[in-house]
Amino acid sequence: MILLPCPWCGPRNVAEFGYVGEAGPRPDPASAGPEEWRGYLYGRANPCGWVAESWYHRMGCRRYISVERHTLSNEVRPLATEGAGR
Amino acid sequence: MPTRPRPRRYPARYSAFSLLRHGLAGDHLVPAWRDRELKNSYDVVIIGGGVHGLATAYYLAANHGITDVAVLDKGYVGSGGSGRNTAILRSNYLTPEGVRFYDRSVRLYERLAADLNYNVMFSQRGHLTLAHNDSSLRTMRWRAEVNKLEGVDSEVVGPAEIKKLVPYLDVSAAVRYPILGALYHPPGGIIRHDAVVWGYARGASGYGVHIHQNTEVTGIDVAGGPNGRRVRGVRTDRGDIAASTVINCTAGWSTLVAEMAGVRLPIQTFPLQAAVTEPVRPFLDAVVVSGSLHVYVSQTDRGELVFGASVDPFAGYSMRGSLEFVEGLAGHVLELMPSLAKVRLLRQWAGLCDMTPDFSPIMGRTPVDGFLVDVGWGTYGFKAGPVSGEAMADCVATGRTPDIIAPFGVERFAEGRLLGEKGAAAVGH
Amino acid sequence: MSMRLGPQPGEVLDRTRPFTFTWNGREVPAYQGDTIASALAAAGVRVFSRSLKYHRPRGLLTASFHDPGCIVQVDDEPNVRGAHRLARPGMRVRSQNTWPSLNFDVKAINQLAGRFLSAGFYYKTFIRPRWLWPTYERVLRRFANGGEVPPEAAGDYYDKRYAHPEVLVAGGGPAGMAAALAAADAGASVLLVEEEHQLGGHLCWGDEADLAALRGLSERVAAAPGIEVLCDSAVLGRYEGNWIAVVQRTVPGVAERLVKVRAGTLVVASGLIERPYVFAGNDIPGVMLSTAVRRLINLYAVKPGERAVVLTGNGDGDAAVADLKRAGVTVAHIADARLGDDIVRAHGRGRLRSVELPDGRRVDCDLLVTATGWTAPAALLTMAGDRPVYDPRAARYFPDPARLPEDVLAAGGIAGDGSLDELLAHADAVGAEAARRATGAGDGPVPIPTLPVDAHPALFRGRTHGIVDFCEDVSSTDLVQAVEEGYRSVELVKRYTTVTMGPTQGKLEAVNAVAIVAEATGRSIGETGTTTWRPPYVPVTLGALAGRVFEPVRYSPMQPWHEAHGATPLVAGAWIRPDHYGDPHAEARTVRGDVGIIDVTPIGKLDLRGPDVPKLLNLLYVNKWSKLDVGRVRYGVMCADDGVVLDDGVTGHLGPDHYLMSTTSSGAATVWEWVENWLQTQHPDWQVHVTPLTTAYASMNVAGPRSRELLERVTEGVDLAGEAFPYMNVRTGRVCGVDDCVLWRIGFTGELSYELHIPAAYGLHVWETLMERGHDLGIAPFGVEAQRILRLEKGHLIVGQDTDGLTRGFSAGLDWAIKLDKDDFVGKPELAWQQEAGEYPRLVGLQPLDGSVVPEEACQIVDPPRRADRRPRIVGRVTSSRMSPILGRSICLAQVDAHLAAPGTQVTVRLPDGRHIPARVTDHLAHFDPTGDRLRV
């Protein structure tokens, strides 16, 4: 079971977290066309390698946190900026 | 459809008689498929030697006479999802498009042993999807109604009939997840998944298709022009291959392969785990699925219980498996069948599932001319092997997208026309 | 004939405690400490089972946990490892896979057919005719191996435990003990796990010097303060982050316990597993490994035979010769593989008769002992990323230290050879280094000596073909055939022949299989590779993995009342709530006529505070929230950014910067996380604080024309008069003497009604008081079923039932609520495009023309085909349906295609029995009181 580095609680079992996934900004709803908007809804980089992603510490501090995870090895490292990005 | 070309004398025909002859004479066996030299050009290159890729190659040759075809796999045939799934077949989907498609697949599977002269051991033992609450019972009825309208044998049954079909199930009301009813689908069942792969490989090879194992695609050549992009071939770790048609039939790596051609797919890859127990005397006929408990169970002819679940809780490419998976799985199995507590889990493994936003595949042409995809198979790819191969072969041979896969085009996401299979497929085995 | 020897120096038997158990109905004597197999062997039993395919008789092979020959049924437990499980008084042991009996087995006819039952047999036969396959299959299933599962649960107790040792040592042989001692000496907490019933590994069946060394190590381990020892326990797997699963079988009263270990460092000291030799007749009872013989003699005082031939390639074979002689077994012939000696085949049926030597001689014997080398059980190491490397000189695999992560080390025989002292010194260093890596103490890495690697003859398959996988009955001929047929990768051979796929999972047979495939393909063993080790290392019961059942349920504070009043429970997610109290139609009529009360505690409740709450509501709901005065309540619908309806509920403005949001019961957790997500990740600058209050309040809805009259009797501080507290308003006050209650005047049922949120501890008191005070008003409780009838009469949708995973806002009848003129809200672009496109399905009210027919929910609405050979086209579906007690007719909500949505349109509903019935789209979603007069009184 991998450990996620929660900036508020310390390393915790991944089972305590809800997976949110790849971080990507929400386009401006006023100007986004269907293609851009649906890219935001459905598009994922899905890399085999490091990816910045969000998790929700459901059974802990209940904060959304961001980490970098290697999707093949499941190594995890903290992301420089916390709390930003969805 | 053009007339079927005759397969050549090779491979040898299988029958009890030929086995007997071999047993007595002790002569050498004929290989099921041949090793061939890698050519530098093929009409069609298929990436991925699983059931989808091999079936596509087989039907290209058998139905359309297109035999200058190479199937490339970075490992051995069937080393990906085709050899890692839990080998359950069914067609009781939710949307008419899905039901039609998988029904065609089941029908092809029914005659596959005869078509391929290879016993794939399709065992139509019946398939039960349990409903533990009224909303899932409603979904079961929805599926049953759509199924019946599409001519698929499917019916909602009550606890008494469920107990008759699966005596080891606890159908009493005094459990945490009472069984209110089930969707019963008699044509569903299990199959020997490896045999399907080998049967198609043998059949395709018999028509002259080249199967290149341990051949990894490292790039896709695409020529760009003012009138759009066009595929020219693939690069592999064993050399470049020119081809005017390249089909991505991979699972787990489909977005990485598509990226090589500059095609972005709305897919996220998740591990899916499964497990098998030691053999015990057969006691379970039907395939039993519980969506609420995220588990499905079947028993092979060897006596092993095969378990599967929904995909892992987070995306990735790791196939190492987890302890939490088997813990949760065991708990849920025992909720359904408490008397299995002393049965031992023998082995767990994982495969990779390419999940699309609407739990339906992505099939057909892409913005790159000549580059086709047969991907996004989530947890239901094996079920669709034959029909996908048949339809993709049609697509290549005729240049038109067959009606049966028309709903699965990649453009549906940008157009906001998602399919409604999600409700049925969340733990759809 | 008893084969029991006199007392042996290292025996594990307590001869003062004899008892009996039964074997296939026959009484067998045993001593405390005997395994099932040792007791049977001592009683002269030589055949324990029949093989999978050919039903050949099988005896002891390894006399250890992994012995494939003596897997037995014990009482209601299938597949018990007879050579490991301790015999217990009275246990009923039966052989498996032996119909009709162990000694006369008609399935043995398969042996004659063996020449045709080759690799891939099933794939090549039973192909035609297709309709016969199910019959063939039924016969095949009869031949399935394995024990019997009882139909009823035995109710054994299973448990789990967490452990956090700094060092976990897998394997309690000399190396494991030394590593544990060194780690403990260095200050680390240590968990030492041993598969056998006692520590010591091969020292246990060794000579005097070995036993002396064992005594020394055991005393030190027992005295060391930091070491916890688990015997009869197995390390099942090593997962990411050194998360390690151990099954412990020795906890009193617990069938098996799963210990989940987060270890600082894992030391793998699993020792080596002796490899069988492949030759003709290698599965005849009486052919055993050297370790089996040594275990039988030294641990269990069992004479393994009378007259032996020994094939030895190493010191353990030599030691077995010494043990045999000491036990009084005649050693008729020794073939020393180091000198080029070999054996050709074994003869005998049911029991060994003779062994054929290369020069053609036959040596009569009833025991053939082979010592042909070792398999490194590298499972735990490979799970940690190792790829073992084949060393041809030693004829075995070794771990590749470069591939091991920092937190995994190997010690003992798996890492190399050497004298006991050399192995102990190596393990000592590994243990100290493991402690250093786990604790960070000490001054730099501990130097780990390199163990020598002894040369060993490469003995896999001899001059004849024999069984490779004893569980699966796979022979070397099968493997060669598979290669000939093109299945050249070792993984394909495995799948085609099922070699290594049985209960031993390759521990005995994998290296032989690889060597035979290498030979057949003309590749080296190194080039051929290995099959993958997958967890668990040894099979583990589902009971142990599941542990105790923790499936929590939630009850409202009023549950005791419901139970006492005959409520039929409804499972709704985590909640158990009353479905009805006997007659849902009567309950619904009470609400329409007098007053009813329903427990709605599961409704999600979020307390929202802060100046930016209106901004939040405007963002998350499709409707407008800027102008909601204090004391007002509004219904709101949330969509996701794909425009799909997510949840609905009402939110009330309780006071300055203070709101209470309600959600659907099933959406309570989701919406809370949804709100937090938008606040935390998109608008961290907004000042909103969210507190979930779902279970802090007991919630109940008092509904019906007389509800006001009832509440006036028990409410203080709130003017309930219609004009003072109108529809869609909220007040706080005292109810039944309880302060801080929230009263919402809303109407899911379509009646004058008040939803009360009572501090949870007083919920039952308020409920009982209302029941008592409302008695003369005709109050009755109503359950979820009556509420569903009432809301359907009123045409109120249920998210997730009348909508599905693709239903966007305009398809849910929410045109009136969706405010596209707001700057932004979640889902706005998709909803704007939906409206623009126009051709979307609609939610409509629907009534069958024949009001006595209630089409079941999920019935399809079809466009009947004009031609009989065409299938009807689906144009909609009934999402909700009930018989309405107040209207005396069936009523529905339905999703229909746009062209059918106009009121008055007649559609065709297909019933589950195939009948088609006509139904009419109604003017409103509401079938009853569409103008809402009853709500506003």
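How many bridges join strand E21 of chain C to E22(C)? In this predicted model, three bridges link strand E21, which covers residues 352-356 of chain C, to E22(C), and the two strands run antiparallel. One of the residue pairs can be picked out directly, since the bridge partner of Glu356(C) is Arg362(C), which lies in E22(C). This pair of strands belongs to an open sheet of three strands in chain C, whose order is E20-E21-E22 and whose pairing is antiparallel. Strand E20 (345-348) and strand E22 (362-364) of chain C are at the edges with a single partner strand each, and therefore one side of each has no neighbour in the sheet. On average, and with direction ignored, neighbouring strands here are turned by 30° against each other.

Chain C also holds an open sheet of four strands, in the order E8-E14-E13-E12, and here the pairing is mixed. The edge positions are taken by strand E8 (158-163) and strand E12 (233-239) of chain C, and because each of them has a single partner strand, one side of each is left without a neighbour in the sheet. Neighbouring strands of this four-stranded sheet are turned against each other by 20° on average, again with direction ignored. At the E8 edge, six bridges connect E8(C) to strand E14 (residues 256-262) of chain C, and these two strands run parallel; within that pairing, Tyr158(C) stands opposite Glu256(C) of E14(C).

We turn now from strands to helices. Two packed helices are described by the angle between their axes and by the distance between those axes. For helix H5 (residues 174-185) and helix H10 (residues 420-439), both of chain C, the axes come within 7 Å and cross at roughly 40°, which means that H5(C) is oblique to H10(C). The crossing of H5(C) past H10(C) is right-handed. Among the residues that make the contact are Ala178(C), Leu181(C) and Ala182(C) from H5(C), together with Leu423(C), Leu424(C), Ala427(C) and Asp428(C) from H10(C). Sorted by class, this helix contact comprises 16 nonpolar residues, one polar residue and one charged residue.

The last step leads out of chain C to its partner, chain A, where 17 residues of chain C are in contact with 18 residues of chain A. On the chain C side, helix H19 (668-682) and helix H23 (828-837) each supply at least two of the residues that touch chain A, and H19(C) gives the most, with six residues. By class, this side of chain C has seven charged, five polar and five nonpolar residues.

Conventions:
Residues are numbered from 1 along each chain as its sequence is written. Chains are lettered from A and ligands numbered from 1 in the order in which they are written. This is a predicted model: local features need pLDDT of at least 70, side-chain atom pairs count only at pLDDT 80 or more; totals for chains, interfaces and linings use all residues. Two strands pair if DSSP finds at least two bridges between them. Axes are lines fitted to C-alpha atoms, for helices over the stretch in contact, and angles run from 0 to 180 degrees between N-to-C directions. Two residues are in contact if their C-beta atoms, placed from the backbone, lie within 7 Å. Ala, Val, Leu, Ile, Met, Phe, Trp, Tyr, Cys and Pro count as nonpolar, Asp, Glu, Lys and Arg as charged, and the others, Gly among them, as polar. Angles under 35 degrees count as roughly parallel, over 145 as roughly antiparallel, 65 to 115 as roughly perpendicular and the rest as oblique. A crossing is left-handed if the near helix is turned anticlockwise from the far one by less than a right angle, and right-handed if clockwise.
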